[in-house]
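Visitor: I should like to understand how the descriptive terms applied to this structure are justified. May we take them one at a time?

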Amino acid sequence: MKLFSERYNYTKASDVIVREEITPEIQNAICSCYDKLNGFFMDSGVYYDTPYIDMEKYLWTYFLNQREGNFHDGRRYHVVATLFLEDENNPWYRKLDLVELSIKYLYAMDMKHDRRMYVFNSFVKQLNYEFGRLNFAYRVVNTEIVEITSKEELAAIESSMHDSPQNIRMHLNNALELYAQRPLGDYRNSIKESISAVEAYCREITGQKTLGDALNKLKDTGLIIPPILKVAFEKLYAYTNQPDTGIRHALMDEDGTYTPASEEALFMLVSCSSFINYLNKKLK
């Protein structure tokens, strides 16, 4: 017998946002970033000879801790980065260790030879693009890979989808599915669905027509929230109503002056889910 979530086809946040693993798609994307590195070196106009091979030699010596003299056998060198990433016996976190050490190496190289930091910035930008595109719970910040989506945040999304009335669950489920859409998420409409979940929840409690009015009437229902928190959600609601985002209204021009990205969509989904959980607990 199918359970409720299966019958109503609700998406799980932990199935959408990849954390503490590297899927084949993410692995391929990371390897593709290494494939592009030779081009970045050439495009920089600074590096010649074999800068990519020099990086591989560094990883061979200081990541794999192999003997430097064995890196090249006279005919060919050892491929390090992509082979290590593609080895299924290597744990996901060690693969990210290798990527992070590569980032630090490129940073040091560019600091020494190219103050534009062209290769470093190009590699990091490509990695972050792929991580965002594939809903990976990590990003490169400066020279380190950091977690941007914790298990607690995923739990907050799933808890709000489980404990709220059906119409609120539908909004949150739509937000999650739009965020996970391939090849790129529909982040504008994901944000719209997230804030609509909060709006629907508050309107249902108060009978008001807009979120702003509903927030003002919450105390009349016996649900008192700190004024600062109320102001914070009023400002989030105002953000979604800005004409240049196209979130709740049509864009004012063809291209728009601002395009919400995966980070904004995820922030709104987590924030709105947490707020709904908070209100759920206050009502009990």
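Guide: Let us begin with a definition: helix axes are lines fitted to C-alpha atoms over the stretch in contact, and angles between N-to-C directions run from 0 to 180 degrees. The model before you is predicted. In it, helix H10 (residues 187–206) packs against helix H12 (residues 227–240) at an angle of about 140°, the axes being 11 Å apart.

Visitor: What makes H10 oblique to H12?

Guide: Angles over 145 degrees count as roughly antiparallel, and 65 to 115 as roughly perpendicular. The angle of about 140° falls in neither range, so H10 is oblique to H12. The crossing is left-handed. On the H10 side the residues that meet H12 are Ile 191, Ile 195, Val 198 and Glu 199, and their counterparts in H12 are Phe 233, Tyr 237, Tyr 239 and Thr 240.

Visitor: Why are H10 and H13 called roughly parallel?

Guide: The axes of H10 and helix H13 (residues 262–283) cross at roughly 15° and come within 8 Å. The cut-off for roughly parallel is under 35 degrees, and the two helices therefore qualify. H10 also passes H13 in a left-handed crossing. Among the H10 residues that meet H13 are Tyr 187, Ser 194, Tyr 201 and Ile 205, while the H13 residues include Ala 265, Met 268, Phe 275 and Leu 283.

Visitor: What makes the pair of Tyr 107 and Phe 120 edge-to-face?

Guide: Two values decide this, and an example from the 15 aromatic pairs counted in the model introduces them. Phe 41 and Tyr 47 have 5.2 Å between centres and 80° between planes. Rings pair if their centres lie within 6.5 Å, and planes over 60 degrees apart count as edge-to-face; the pair of Phe 41 and Tyr 47 is therefore edge-to-face. Phe 41 and Tyr 47 are both buried. For Tyr 107 and Phe 120, the centres are 5.2 Å apart and the planes stand at 75°, so this pair is edge-to-face. Tyr 107 belongs to helix H6 (residues 92–113) and Phe 120 to helix H7 (residues 118–133), so the pair ties together parts that are 13 residues apart in sequence.

Visitor: Are Tyr 107 and Phe 120 buried or partly exposed, and how do you know?

Guide: Buried means under 20% relative accessible area, and exposed means over 50%. Tyr 107, at 33%, counts as partly exposed. Phe 120, at 8%, counts as buried.

Visitor: Which residues form one aromatic cluster?

Guide: The cluster is formed by Trp 92, Tyr 93, Phe 131, Phe 136 and Tyr 138.

Visitor: How do you know that strands E1 and E2 pair?

Guide: Pairing requires at least two bridges. Strand E1 (residues 138–141) and strand E2 (residues 144–147) have four bridges, in the antiparallel sense, and therefore satisfy the requirement. Val 141 has Glu 144 as its bridge partner in E2, and Arg 139 has Val 146. Two residues lie between the strands of this hairpin, in which Asn 142 takes a positive phi near 60°.

Visitor: Why is the phi of Asn 142 remarked upon?

Guide: Most residues other than glycine have a negative phi. Asn 142, in the loop between E1 and E2, has a positive phi of about 60° although it is not a glycine. Asn 135, in the loop between H7 and E1, likewise is not a glycine and has a positive phi of about 55°.

Visitor: What makes Asn 135 buried and Asn 142 exposed?

Guide: The relative accessible area of Asn 135 is 0%, under the 20% cut-off, so Asn 135 is buried. For Asn 142 the value is 63%, over 50%, so Asn 142 is exposed.

Visitor: Why is Val 46 called partly exposed?

Guide: Its relative accessibility is 29%, a value between the 20% and 50% cut-offs, and Val 46 therefore counts as partly exposed. Val 46 is in the loop between helix H3 (24–44) and helix H4 (51–62).

Visitor: Which residues does Val 46 contact, leaving aside its neighbours within four places in sequence?

Guide: Val 46 is in contact with His 113, Asp 114 and Arg 116. Val 46 and His 113 are 67 residues apart in sequence, with 7.3 Å between their C-alpha atoms.

Definitions and conventions
Residues numbered from 1 in each chain as written. Predicted model: local features only at pLDDT ≥ 70, side-chain atom pairs only at ≥ 80, totals over all residues. Heavy atoms only, no water. Phe/Tyr/Trp six-rings, centres within 6.5 Å; stacked < 30°, edge-to-face > 60°. Buried < 20%, exposed > 50% of the residue type's maximum accessible area, 1.4 Å probe, protein only. Left-handed = near helix turned anticlockwise from the far one by under 90°. Contact = heavy atoms within 4.5 Å.
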